[in-house]
Amino acid sequence: MMRSAVFCLCLVGLLFADEFPEVYNSEKNQKGEPMPPEAAAKAFQVPEGFEVTVFASEPEVRNPIAMTWDGRGRMWVAENYTYAERSKRFDLKLRDRVVVFEDRNGDGKADRRTVFADNLQMLTSVEVQPGGVWLMCPPRLLFVPDRDGDDVPDGEPEVVLDGFTVAQSNYHNFANGLRWGPDGWLYGRCGGSCPGEVGAPGTLEAERVPLRGGIWRYHPKRKFFEVIVHGTTNPWGHDWNEQGEGFFINTVNGHLWHLIPGGHFDRPFGRSVNPLVYEAIQMHADHWHFDTSGSWTKSRHGAANEFGGGHAHIGMCIYQGDHLPKEWHGKLLTWNQHGRRLNRERLERHGSGYLARHEPDQFIAGDEWFRGLEIRPGPDGALYGLDWSDTGECHDHTGVHRTSGRIYRFSYREEVKRPDSMKGPLESELRHLWRRHTNGKLPREELMGLLGSANEHLRVWAIRLLTDAWPIDSVDGPMPHRLPPSDPELRDRFVGMARTDSSGLVRLALASTLQRMPLADRPVLASALAARAEDARDHNLPRLVWFGIMTLKAEKLAVAEATEWPNLLRYLARSLVDDPALVDKVLSLASRHAQKSGPLLKGLLEGFKGWRKAPVPTAWKDYVAALQGRHPGMIRELSALFGDGRAFDLLKAAVLDGEEPLPVRRRALESLVKVRVEGLRPLCERLLGVPGLTETAVRGLAIDDDPALGALLVTTYLRLRQEEDRAAVLAALVTRPGWAEILLEEIKKGGIPRQALTPFAARQIAGLNQEGLHRKLREVWGEVRPSDEALREKIASWRKTLTPGVLTGADKSRGRVHFEALCANCHQLYGQGGKLGPDLTGSGRADLDYLLENIIAPGAVVPLEYQMSTVRLKDGRTLSGMVVSSDERTVTLRSPAGETTVEQAAIEKTTRLPDSLMPSGLLEALAADQVRDLVAYLRHPRQVELPGGE
């Protein structure tokens, strides 16, 4: 199957239309208008010696979303008018455009404006080169030829790539950020909620490159596309330092990352789409820009403080100009959207890479409408910042104010020039190297020579440029049709460097290169890297080496023989459990090397998670004897998995031994539940009510489809006091129709309060698809899936009820209590709570309409990553939750009750629903004053104490 190469209607024909559509404002917030441009410039708080002036403002520029500079010192700006509020996503009656600004007299103000193109839509970025202009208009990357450089397109735009999908829900995550890298590639970004399959128009599906969020690049001469970093949430800024090391900023789950090719970085929801990415690399900063202990909003509203303003970061540069004082040179700068300020970060070498440290925030805006979207140094060395000029939160759910926009110039009044001693010869040598490589005039022999350079950065770049044409693995692993041929000379040179090079940065470049090498050449380089004991606890290297070999099978064992890195050993063992012969080899290695035995056994147990049984290793008894009593708990668990009856007796004894530590007893019981040992039911019944063991005992009983157990669990619920134990019982009761009926009957009689049945549990009962049960649920609890019209009526009713006067009288402390009871299992707020649903800290919760729509009708628009799945098991149970990982052997579901891993063989049917994990009946359990308190708490911009100052 081929994708169509047909243009959007907006791109057919000329890039200019006779009349540009009149733009309109849909912003609903009643905050008047933005400050006048000059007044807003003066309202910035700046350090001594700095000044802020207006380079351009409305009506000359509006809704600026991206910018770049050309070789003539002119600023190119992308204006986006089509982005709209959630109900529309994009208003395609409008158009976007590219405008060019020029400061001909050098006074810091634009005095010429040229419209390059005004018939575009969904425009997110612009970049220029001699001969034309690059535009990102998702789902397409376009090139507009302008070979004579007269600022008039020579013809229609060329669709260079397509497949940059724009999600139905989190459409603000779409592809953006075109920027030339020092290596001559065009780089770009994309958020994790807009997965795509990218290729040139007409590329076969099997040959397209999967994009699941991260950083990508395209080589215009070779016409080659690859994704080089996977993960994070929504990167919206990147740049390179003087040595050519890339960095990018992000929103929500860590704000700053070293751009390491081949890196799989942390994601805010679920896990990597690649099941072999067991643990992602975390951010490269020693701090957060909000208080993760609970008082996140102490850093909002422009107040000077130690945090930095919030979780949303937009636009980025690493300052390398001559104009600003020396303390600015080499610093990473990014706009903090909620804090309306510029975060300044100091990049320091740390281990194999870098670590960012927070410096004082700068340029705090006095205009509440300030929305910084980009920060870049200009040809004069001053900083230039784009201002989208709007209110509301970062998604513009409250509407878009399209008639405003500013570009500010941040300059230093005194002339500052960096002394030549600060520039050094390395910068010039690297730039010369990059330029020659881009022009195709850098011979292999010269690069091979640079592998022996005394400077680590030259060695790093020699490694990168020698393998620059080798495709990197995709997010799913190697793409067979893109693997390069073997290069024994280069492989052997790299192996020698891995063994002896003193630079962690060089070893990082070699680890990154693993994902570009032929599969057969990877184990020897990985073994050499993993033999370096000093890197065992490095932030990047153990994971990056793993990413390079994770798709290999038996060949990986050579790396296990060579390394003592605990995490790498754990990953290796975990990945081999589906092959009994390889499990034997792992156990043989563990029995021969005491220091490796713990990580290897732990890895096997992680790999066997969810398995009921595993084949007995051929020499299991010999391995146990060779381990000489080391790791008895793990040996017992593995023995049970392998069906050793003696192990069952030992585990039962451990469970019932009140002298054993509680974690040991719980792990022993979990092992017995997993293998469904004979006599499990009476053992679990005996443990009901035992603190710390009840939850696991309930899971063991839930396996048995006996109506009597439903009655027993209801009786048990009534006498339990621990909230987590009650939640476990409730979660079990709603997995079987007969048990759910017993539960509803007890609620009807008043034995169990109606409020105890959470909306999620009610959704689970409805998902059992039994009409009689559903009817009883409606009678006892209420409607789980009300009609769209009913939901609209509820929203309108609460909007009318929750007036400013009513909310003024709310008890926000009591509202926090209701939040923790109803919402905190799934949502984080101020750094506390669960991670099943989106973090609410930076959402648009201040807007009442936004809040009511998301609470009362959460299923209106549901991102793929938060959609619910139901899993019907062959033993009669039905489980619900979010699928966070899935492989050939197991599926892991996450629900408010925790994570549950089941074998694929035990599943009868899995159904992904378009529904949100959050049910629509959340407010039904609350009285009117309780709803008032909850809403007031959620809208409040800072944390409040619990009642009584708890």
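Me: Two strands pair if DSSP finds at least two bridges between them. What makes β22 and β23 a pair?

Reply: Both are strands, that is, DSSP runs of E with at least two residues, numbered, like helices (H or I, at least four), from the N terminus. Strand β22 (residues 341-350) is joined to β23 by eight bridges, and the requirement is at least two, so the two strands count as paired. They run antiparallel, and E348 stands opposite L355 in β23. They form a hairpin with two residues between them, and G351 in the turn has a positive phi of about 60°.

Me: On what basis are these statements made?

Reply: The model is predicted: local features need pLDDT of at least 70 and side-chain atom pairs pLDDT 80 or more, while totals for chains, interfaces and linings use all residues. Residues are numbered from 1 along each chain as its sequence is written, and side-chain values use heavy atoms, without hydrogens and water.

Me: Why is D501 called buried or exposed?

Reply: Buried means under 20% relative accessible area, exposed over 50%, and partly exposed in between (1.4 Å probe, protein chains only). D501 has a relative accessible area of 9%, and is therefore buried. Its place is in the loop between α5 (488-500) and α6 (504-513). Not counting residues up to four places away in sequence, D501 touches R459, V506, R507 and R532, where contact means heavy atoms within 4.5 Å.

Me: How do you know that the side chain of D501 makes a polar contact?

Reply: A polar contact is a pair of N or O atoms within 3.5 Å; within protein, one must be able to donate a hydrogen and the other to accept it, and residues adjacent in sequence count only if both atoms are side-chain atoms. The side chain of D501 reaches the backbone nitrogen of S503 at 2.9 Å. S503 in turn has a side-chain oxygen that reaches to within 3.2 Å of the backbone nitrogen of L505, at the start of α6.

Me: What makes α6 largely enclosed by the rest of the structure?

Reply: The reason is that 10 of the 10 residues of α6 are buried. Among them are L505, V506, R507 and L508. Helix α22 (residues 759-766) is also mostly covered, with eight of its eight residues buried; these include F760, R763 and I765. Strand β23 (residues 353-362) has seven of its 10 residues buried.

Me: Why is a set of residues called a nonpolar core?

Reply: The term is used for buried Ala, Val, Leu, Ile, Met, Phe, Trp, Tyr and Cys residues joined through side-chain atoms within 4.5 Å. The largest such set has 151 residues, and those with the most contacts inside it are L451, W546, L604, F608 and L757. Helix α4 (residues 456-466) gives the most to this core, with seven residues. Apart from it lies another core, of 63 residues, including F116 and L211.

Me: What makes β10 and β19 edge strands?

Reply: Each pairs on one side only. They belong to an open sheet of five strands in the order β10-β11-β14-β15-β19, with mixed pairing. Within this order, β14 (residues 214-219) and β15 (residues 224-230) run antiparallel and are joined by six bridges.

Me: How do you know whether the radius of gyration agrees with a compact globule?

Reply: The radius is taken over C-alpha atoms, and the globule rule is 2.2 Å times the number of residues to the power 0.38. For 950 residues a compact globule would have a value near 30 Å; the protein has 30 Å, which agrees.
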